[in-house]
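Have the sequence and the model open side by side for this short tour. We will go from loops to a helix, then on to rings and charges.

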Amino acid sequence: MAESSVDSVLIVVVVAAKYLLPLLLIPFPFAAGWANFVLDSVDGDLLIPLGLSDPVYQNVDKSADYVTYVCMVVAAWKWPLRRAVIALFALRTVGQALFFITSNEIVFFLFPNFLEPLFLVYATILFFKRDAAPAFLARHAVVIWVLVIAYKLQDEFVTHVANIDRSELVGRLFGG
């Protein structure tokens, strides 16, 4: 198989995973949530070197992200923080729509994705605490919200305002 054929197959596999993995959030919020987080963190480092252009990658990434958000809402439908999940979904939906209209990444900083880190935190609590998860969430709500907001605001700034490539940054930090 020629290198470009292998690259094309790998692109199809990664893109398919970006759209299919979120479906597993519904039955397996913890495992699929973290797997999706990892995939979303490295997908650009895989797809762009394989030959996917940046504009195409951005559209694939953002549309796959939206599939993830929808699946997160479905998965969290019976969680005690369902209303917060729906509100955060609505906030990010505005950002997603504005991005597709304007192609301006700064909208992601203005309409941050607090949904994903909150989902991951609660899915993790639920995985380890099961029946005690709602009480744990209630006891630690302030700390959880502060960490979610602080993490995501810096992440949105670094990624969409400063446009710092984390892979290059980590490589430079370790002499790469």
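## Two loop residues with positive phi

N163 is found in the loop between α8 and α9 (166–173); helices here are DSSP runs of H or I with at least four residues, numbered from the N terminus. This is a predicted model, in which local features need pLDDT of at least 70 and side-chain atom pairs count only at pLDDT 80 or more, while totals for chains, interfaces and linings use all residues. Residues are numbered from 1 along each chain as its sequence is written, and side-chain values use heavy atoms, with hydrogens and water left out.

Most residues other than glycine have a negative phi. N163 is not a glycine, yet its phi is positive, about 55°. With 49% relative accessibility, N163 counts as partly exposed, because the scale calls a residue buried under 20% relative accessible area, exposed over 50%, and partly exposed in between (1.4 Å probe, protein chains only). R130 also has a positive phi, near 45°, and is a residue other than glycine. You will find R130 in the loop between α6 (115–129) and α7 (133–139). At 57% relative accessibility, R130 counts as exposed.

## Helix α8 and its buried side

Just before N163 comes α8. This helix covers residues 141–161, 21 residues in all, and reaches 28 Å from its first C-alpha to its last, close to the 30 Å expected at 1.5 Å a residue. The expected span is 1.5 Å times one less than the number of residues.

Which residues of α8 are buried? They are I144, V148, K152, D155, E156, V158 and H160. Several of these carry charges that we will meet again below.

## Salt bridges

How many salt bridges does a search of the whole structure find? It finds six, where a salt bridge is a side-chain nitrogen of Lys or Arg within 4 Å of a carboxyl oxygen of Asp or Glu. One of them joins E156 and R92, at 2.8 Å from N to O. This pair links distant parts of the chain, with E156 in helix α8 and R92 in helix α4 (residues 82–102), 64 residues apart. E156 is buried, with a relative accessible area of 1%, and R92 is buried as well, with 3%.

Another salt bridge stays inside α8: K152 and D155 have their closest N and O atoms 2.7 Å apart. Because they are three residues apart in helix α8, K152 and D155 are separated by about one helical turn. K152 and D155 are both buried. Elsewhere, salt bridges that share partners join K18, D40, D43, D61 and K62 into one network. Within that network, the side chains of K62 and D61 meet at 2.9 Å, N to O, and both residues are buried.

## Aromatic rings

A pair of aromatic rings is described by the distance of the centres and the angle of the planes. The structure holds 11 aromatic pairs, counting rings of Phe, Tyr and Trp (its six-membered ring) with centres within 6.5 Å; planes under 30 degrees apart count as stacked, over 60 as edge-to-face and the rest as tilted. F30 and F128 form an edge-to-face pair, 5.7 Å centre to centre with 80° between the planes. This pair links distant parts of the chain: F30 lies in helix α2 (residues 29–47) and F128 in helix α6, 98 residues apart. F30 is partly exposed, with a relative accessible area of 22%, whereas F128 is exposed at 59%. F99 and F108 form a tilted pair, 5.0 Å centre to centre with 35° between the planes. Both F99 and F108 are buried. Ring pairs also link F30, F127 and F128 into a cluster.

## Charges over rings

K62, already seen in the salt-bridge network, lies over the face of F99, 5.9 Å from the ring centre. Here a charge sits over a ring if NZ of Lys or CZ of Arg is within 6 Å of the ring centre and within 35 degrees of the ring normal. The charged end of R82 sits over the ring of W77, 5.2 Å from its centre.

## A last stop at A84

A84 lies in helix α4 and, at 22% relative accessibility, counts as partly exposed. Leaving aside neighbours within four places in sequence, A84 is in contact (heavy atoms within 4.5 Å) with L118 and W145. A84 and R172 are 88 residues apart in sequence and 38 Å apart in space, C-alpha to C-alpha.
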